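Reader: Please take one part of this model and go through it closely. Give the cut-offs for each term where it comes up.

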Amino acid sequence: MFVLACIGTVIVKGSPVYPVRFGQKGQKMTLEEQAILSYYRPVADIRAEHGISLVQDDRSGKFYVKKCLTVYNAEMFRALQEHPIPGTPKIYAAIEDAGKAVLTVIEEYLPGDSLQELLDTRGIFPEAQVISIALELTSIVRSLHQSEPAIIHRDIKPSNVLLTPDGQVKLLDFNAAKFAASDEQGRDTVLLGTRGFAAPEQYGFAASSVQTDFYAIGVLMNVLLTGKLPAEQMAEGSLSEIIATCTQIDPKNRYASAEALIQALQNNSGLARQQPDSAHIKDNWQPLTPEYANVERQQDKSKHAKDDWQQPNPEYAEGDRQLVDSTHAKNDQLQTSSAHTQKTWRRFLPPGFRSGSALHMAAAAIGYFLLIDCTITLQVDTDSRFEVILNQAAFSLAGLSVIFFTCNYLGIQARLPLSRSTKWPMRIAGVLLYDAAIVFGIILVMSLILTFFTG
């Protein structure tokens, strides 16, 4: 018999929150299904609190991930099992015990480290690597959106994105995924996702769409670059405009398709008309886990991974829609980027004038005026006009350099150790250390110049 599912909006407080599931039409596991699951012997807990463990198949000796889910969409997992998506774990079994409202999933075991683990241990990511990761991740999402019906992940975040030892990006955890709603269907009635990464429509304002995943990708890029959500600190640099477009409140103002987002990322990185290449990521990241430290990073493997993104396996090709052509993608990009043209040139303005806030600009103007006044009135105990001018120039240059670095002009802090740490005590210490080094360096150069010209 049919059992009603829980309806209503759930307020997110932190980690993923899901509705209570009362079950679907189905039967208890058959003896054959129980026998299949009995072959998978538990090896270790991965996330015991979520029913996730590492198991080994007694028949082949291979390792798999076993999930016992009480919150799930059985049809979603069966669709992924029948039509695997490149860049996601392959599902080998999805067996439902409707009597207990439990879905047991056996899926591919993928070694590697999540982006959250890398973020916690190594600090924020360089911009070039964020672009490469975003390109591969968007390619995976594009394949999901092109499936029939389209699949929306709805929980893209650093802990659900894996970087394998050979540098490939994998998208995990489809517990919150759903099939795209038709235009006739109404708004989401139940919130699934993670606070900060969930798009506004996931709070029940509208139905989730493909733009929902673009919102999360934008937030993910911002977190990788700054260690913070956009609401806390918006990333600066060349990706700021793309992130701003992805995280628009109104889905209509985000990128119209995954192809449009890929095109924007490729144009941004100078990789136009090229598919994402995992070799770029692979060559810049080493696996954290000791047992993978000596893994050979062969070029042919990364090339094979690249080809997988460009040309899906023929057995999955049936039913895929044609990609949006480049002309359409360019039009999408022009429409979505026009609103942010002003933001692009503003990022080159001096600190204090980039936000456009009248209060910030007034305070900055006063600060720069005081610096100029101190420079002009600087007293130097010498009769040499040359030494006076040199000291004034050094004082002004040191002051401006400290201001620009402390205010993270053009995202310079993300390019240096310590100052790009996600731990604020370490980051503050790094900024102060670099400020001191800047002042010392300018004083040293000035002394050398004086010694050279005055003897």
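Author: Tyr40 stands opposite Asp57 of strand β2. Tyr40 belongs to strand β1, which covers residues 40-47, and Asp57 to β2, which covers residues 52-57. The model is predicted, so local features need pLDDT of at least 70 and side-chain atom pairs 80 or more, while totals for chains, interfaces and linings use all residues. Numbering starts from 1 along each chain as its sequence is written, and side-chain values use heavy atoms, without hydrogens and water.

The pairing of β1 with β2 is antiparallel and runs over six bridges (strands, which are DSSP E runs of at least two residues numbered from the N terminus, pair if DSSP finds at least two bridges between them). β1 and β2 make a hairpin with four residues between the strands. Gly51 in this hairpin takes a positive phi near 70°.

β2 itself is mostly covered, with six of its six residues buried (under 20% relative accessible area, 1.4 Å probe, protein chains only). Its side chains split into two sets: Ile52, Leu54 and Gln56 point one way, while Ser53, Val55 and Asp57 point the other way. Both sets are buried. Asp57, the residue opposite Tyr40, is thus placed with Ser53 and Val55.

Next comes strand β3, residues 63-69. β2 and β3 also run antiparallel, joined by five bridges. Two of the pairings can be named. Gln56 stands opposite Phe63 in β3, and Val55 has Tyr64 of β3 as its bridge partner. Gln56 and Val55 point opposite ways from β2. The two strands form a hairpin with five residues between them. In its turn, Gly61 has a positive phi of about 80°. A glycine with positive phi therefore appears in the hairpin of β1 and β2, as Gly51, and in the hairpin of β2 and β3, as Gly61.

β3 is largely enclosed by the rest of the structure, because five of its seven residues are buried. Besides its bridges to β2, β3 is joined by six bridges to strand β5, residues 102-108. β3 and β5 run antiparallel. One of the pairings here is that of Lys67 with Val105 in β5.

Taken in order, the path across these strands goes from β1 to β2, from β2 to β3 and from β3 to β5. Along it, Asp57 of β2 faces Tyr40, Gln56 faces Phe63 in β3, and Lys67 is matched with Val105 in β5.

Technical notes:
Buried means under 20% relative accessible area, exposed over 50%, partly exposed in between (1.4 Å probe, protein chains only).
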